[in-house]
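Thanks for making time this morning. I would like to walk through one model with you, going from single residues to empty space and then to the surface, and I will give the cut-offs as the terms come up.

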Amino acid sequence: MESIWTLIKVTAMAGMGGTGLGGVIGALFKRDSDRTASLLLSFAAGVMTAIVCFDLIVSAVNTKINIFAVCSGIALGVTVVYLLNFFIDRITNNEVSHIDKSHPHTADDLDEIIHSNHLSVHIKKHDTKLSLLIAGIIMSCAIALHNLPEGMTIGASYANTKGVLEGSALILSILIGLHNIPEGMAIAAPLINGGVKRRMAILITALSGAPTIIGALLGYWVGDIGSLGLALSLSFASGAMLYIVFGEILPLSILMYRSKLPAFFVIIGILVGLLVIYS
């Protein structure tokens, strides 16, 4: 039971602490630096890629479960997150004026990736409370889509180390906390601009990180069932994280800072990840 509470506390700090800190920064400063956010996201994506590819997937293979089961778990993780994101985009994108045929086929701003831009549209139009509620629910679902898989990687990695918080599980927690800071900034801004008091906006932003805890518990529970459960938990979480990194974070970071620097920060992140795993 103690190991479960440790997992909850760590993922709460990574999920709610990271987004909450971002909310505080978003409340104190009018604008955030796209370049800084881009490089932070690129570095985190590099380390996550290294941990997923050289630790979590390797651990899934080492369970001696059929390699096709591992590949299927990864493919399932990618497919589920992609389809859910596609469904939310399909509902919301036509309501945001600048998202048209000329827009990149991916998010080019942090507001888009969590659909806080969709909520901003309804706030600016002074829409009905029902419309605002629906937009808020959609934004919450979009945030959960990112936080659940992130939590699952921590939980699966934690199960892989048999309930000991070390190595990749600890580093993933720190990285996800850092990754959630700019996300929290993007959540807080439209809330404050829409008239929500700063303290309430920070509280709502922090609570948006709660799905990370649910994901961690789910990843740990499945991973603790046995070899098959561990392999499926590791592979599904890896696939979901790979889609988030390559389908969303990296395209976003490059569009936010159109230079070679994001690529170098990804490479640095991969090297740091290798050092963490093998040192």
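G209 is buried, with a relative accessible area of 0%, where buried means under 20% relative accessible area, exposed means over 50% and partly exposed lies in between, computed with a 1.4 Å probe and protein chains only. G209 sits in the loop between helix 8 (198–207) and helix 9 (211–223), and helices here are DSSP runs of H or I with at least four residues, numbered from the N terminus. Its C-alpha atom is separated by 8.1 Å from that of N180, which is 29 residues apart from G209 along the chain.

Before going further, please keep in mind that this is a predicted model, in which local features need pLDDT of at least 70 and side-chain atom pairs count only at pLDDT 80 or more, while totals for chains, interfaces and linings use all residues. Residues are numbered from 1 along each chain as its sequence is written, and side-chain values use heavy atoms, with hydrogens and water left out.

Another loop residue is K64, placed between helix 2 (34–61) and helix 3. K64 is exposed, with a relative accessible area of 73%, and it has a positive phi of about 70° although it is not a glycine. As background, most residues other than glycine have a negative phi.

Two further C-alpha pairs are worth having on the screen. V266, in helix 11 (residues 261–278), counts as buried at 14% relative accessibility, and it lies 7.5 Å from V47, C-alpha to C-alpha, with their positions 219 residues apart in sequence. L148, in helix 6, is partly exposed at 31% relative accessible area, and its C-alpha atom is 9.3 Å from that of G219, the two being 71 residues apart in sequence.

Let me turn to the aromatic side chains. How many aromatic pairs does the structure hold? It holds two, where rings of Phe, Tyr and Trp (its six-membered ring) pair if their centres lie within 6.5 Å, and planes under 30 degrees apart count as stacked, over 60 as edge-to-face and the rest as tilted. One of them joins Y82 and Y243, an edge-to-face pair at 5.8 Å centre to centre with 75° between the planes. This pair links distant parts of the chain, since Y82 belongs to helix 3 (residues 67–92) and Y243 to helix 10 (residues 227–256), 161 residues apart. Y82 counts as partly exposed at 39% relative accessibility, whereas Y243 is buried at 16%. Together with F86, Y82 and Y243 form one aromatic cluster.

Next, the empty space. On a 1 Å grid over the protein atoms alone, a cavity is a set of points where a 1.4 Å probe fits but cannot get out, a pocket is an open set with protein on both sides within 12 Å along at least five of seven lines, and lining residues have an atom within 4 Å of a point. Grid points are joined across faces, edges and corners, and a volume is the space filled by probe spheres set on the points.

The second largest pocket holds about 540 Å³ of space. Of its 22 lining residues, the closest to the centre are D89, N93, H105, T106 and A107. Helix 3, helix 4 (110–113) and helix 10 each give two or more residues to this lining, and helix 3 gives the most, with five. D89 itself lies in helix 3 and counts as partly exposed at 28% relative accessibility.

As for enclosed space, there is one cavity of 30 Å³ or more, and the largest cavity holds about 50 Å³. Which residues line the largest cavity? They are L41, L110, I113, H146, H179, E183, I249 and L252, with helix 4, helix 7 (167–193) and helix 10 each supplying at least two of the lining residues.

Finally, the surface. L130, L133, I134 and I137 form a nonpolar patch with about 390 Å² of accessible area together. Accessible areas come from the Shrake-Rupley method with a 1.4 Å probe, and for residues only the protein chains shown count as cover. Patches are made of residues with over 30% relative accessible area and no salt bridge, joining like charges within 9 Å and nonpolar side chains (Val, Leu, Ile, Met, Phe, Trp, Tyr) within 5 Å, and a salt bridge is a side-chain nitrogen of Lys or Arg within 4 Å of a carboxyl oxygen of Asp or Glu. Within this patch, I137 is placed in helix 6 (residues 129–160) and counts as partly exposed at 44% relative accessibility.
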